[in-house]
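Trainee: I should like to learn how to read a protein model step by step. May we take one feature at a time, with the general idea before the case?

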Amino acid sequence: MKHQIQLGKYQELIVTKKTNFGVYLNTPTGEDFEKILLPKSQVPEGTQINDVLNVFVYKDSEDRPIATMLEPDLTLGGVARLYVKQVTPIGAFLEWGLSKDLLLPYKEQLYEVKEGDAVLVTLYLDKSERLCASMHVYEALRNDSDYQKDDQVSGRVYEISDNFGVFVAVDDMYSALIPKKDVFEAYRINQPVNARVAQIMDDGRLTLSVKKKIPEQMNDDAEFIFRCLENEGGFLPFHDKSNPEAIKNRFHMSKNAFKRGIGRLMKEGKITIAEDGIRKL
């Protein structure tokens, strides 16, 4: 039979029994074997039988369901950034506001975490009905932000995909992606990102761009290309027919952005474009 008391969530439960070491709580229709303890140190003063208490339910160090009046930093299916307290042979333990630390198993880590790291995780129930943390937060991130197209946002990288691009948690809670075609630098997990909302998908998830709108970006790109040109003594072996990947690796921009940039420089009379590259005038 499935227990009506749910782990990892806040619930309003009824006081069904008082003891010297705390009170027992249950749902209105719960069986006697389903009741759980709220330790004496956390029982509000004056609590009586049939009082309703709002508690968080988790498992104690002996793997028994237990209630608490403390407020953890994370609930089932939610997302939060937690600190790594300890790394052990079975995984990392995270501080989350309760006396028993939260396990982040190795198989749920996207990289090898270290003591003191702040990691973005979600809370889930494993096959043994234990509450555990996971760094695979994609499904847990929200898609109901109030951000609009062209808004500036900040977040952190939480996953990197060779197929899709760089996944970012905006404000540590909203789902966002820098598409692969717009990734022009090597990102790392947990890297802070400041970006512009390029698109809001039908499902509410955000598509980000670290580039500005084209007119502003063209000015920045042109200035960057010109600085590179000066640093290289006035010549660069790149032009509008150069390989897109070579341009991306050298200038961290798309071929179209490069072409717009050198077009701007040429219009301003700062460069000339030859078959072997561009030269400063």
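Mentor: Let us begin with one residue: glutamine 152 is found in strand 11, which covers residues 152-161. Please bear in mind throughout that the model is predicted.

Trainee: Is glutamine 152 buried or exposed?

Mentor: The general idea is a cut-off: a residue counts as exposed when its relative accessible area is over 50%. Glutamine 152 has 58%, so the residue is exposed.

Trainee: Which residues does glutamine 152 touch, apart from those up to four places away in sequence?

Mentor: Glutamine 152 touches Tyr147, Ala195 and Arg196. Separation along the chain can also be set beside distance in space. Glutamine 152 and serine 209 are 57 residues apart along the chain, and their C-alpha atoms are separated by 9.6 Å.

Trainee: What does the other end of strand 11 offer?

Mentor: Serine 161 also lies in strand 11. With 18% relative accessibility, against a limit of 20% for buried residues, serine 161 is therefore classed as buried. The side chain of serine 161 reaches the backbone nitrogen of asparagine 163, at a distance of 3.1 Å.

Trainee: How many helices and strands does the chain have?

Mentor: The chain has three helices and 18 strands.

Trainee: How does the radius of gyration of the chain stand against that of a compact globule?

Mentor: The approach is to set the value beside that of a compact globule with the same number of residues. For 281 residues such a globule would have a radius near 19 Å, whereas the chain has 27 Å. The C-alpha atoms fill a box of roughly 90 × 40 × 35 Å along the principal axes.

Trainee: What share of the residues counts as buried?

Mentor: Of the 281 residues, 42% count as buried. Contacts add to this picture: among those between residues at least 6 apart in sequence, 53% join residues at least 24 apart. The accessible surface comes to about 15,900 Å², and carbon and sulfur atoms account for 48% of that surface.

Trainee: Where should I look for a residue inside a helix?

Mentor: A general rule helps first: an α-helix has 3.6 residues a turn, so residues three or four places apart point the same way. In this structure, aspartate 221 is found in helix 1, residues 214-231. Its relative accessibility is 4%, which means that aspartate 221 counts as buried. Beyond its sequence neighbours up to four places away, aspartate 221 touches Lys211, Met253 and Ala257.

Trainee: Which residue caps the N-terminal end of helix 2?

Mentor: Asparagine 243 caps that end of helix 2, residues 244-251. One of its side-chain oxygens lies 2.8 Å from the backbone nitrogen of glutamate 245. Just after helix 2 comes histidine 252, with a positive phi of about 55 degrees.

Trainee: Why would one remark on a positive phi?

Mentor: Most residues other than glycine have a negative phi, so a positive value deserves a remark. Aspartate 150 has a phi near 80 degrees and sits in the loop between strand 10 (131-134) and strand 11. Asparagine 190 likewise has a positive phi of about 80 degrees, although it is not a glycine. Asparagine 190 belongs to the loop between strand 13 (174-179) and strand 14 (192-200).

Trainee: How do aspartate 150 and asparagine 190 fall on the accessibility scale?

Mentor: Aspartate 150, at 25%, counts as partly exposed, whereas asparagine 190, at 18%, counts as buried.

Trainee: May we close with other loop residues?

Mentor: Certainly. Valine 43 is placed in the loop between strand 3 (36-39) and strand 4 (52-59). With a relative accessible area of 22%, valine 43 is partly exposed. Leaving aside neighbours within four places in sequence, valine 43 is in contact with Gly22, Val23 and Leu38. The C-alpha atoms of valine 43 and isoleucine 189, which are 146 residues apart along the chain, are separated by 42 Å.

Trainee: Which residues are in contact with aspartate 63, leaving aside neighbours within four places in sequence?

Mentor: Those residues are Lys100 and Arg130. Aspartate 63 is found in the loop between strand 4 and strand 5 (65-68) and, at 37% relative accessibility, counts as partly exposed. Between the C-alpha atoms of aspartate 63 and glutamate 129, 66 residues apart along the chain, the separation is 9.4 Å.

How values were computed: Residues numbered from 1 in each chain as written. Predicted model: local features only at pLDDT ≥ 70, side-chain atom pairs only at ≥ 80, totals over all residues. Heavy atoms only, no water. Helix = DSSP H or I, 4+ residues; strand = E, 2+ residues; numbered from the N terminus. Buried < 20%, exposed > 50% of the residue type's maximum accessible area, 1.4 Å probe, protein only. Contact = heavy atoms within 4.5 Å. Rg over C-alpha atoms; globule rule 2.2 N^0.38 Å. Areas by Shrake-Rupley, 256 points an atom, 1.4 Å probe, with all protein chains shown as cover. Polar contact = N/O pair within 3.5 Å; in protein donor to acceptor, adjacent residues only side chain to side chain.
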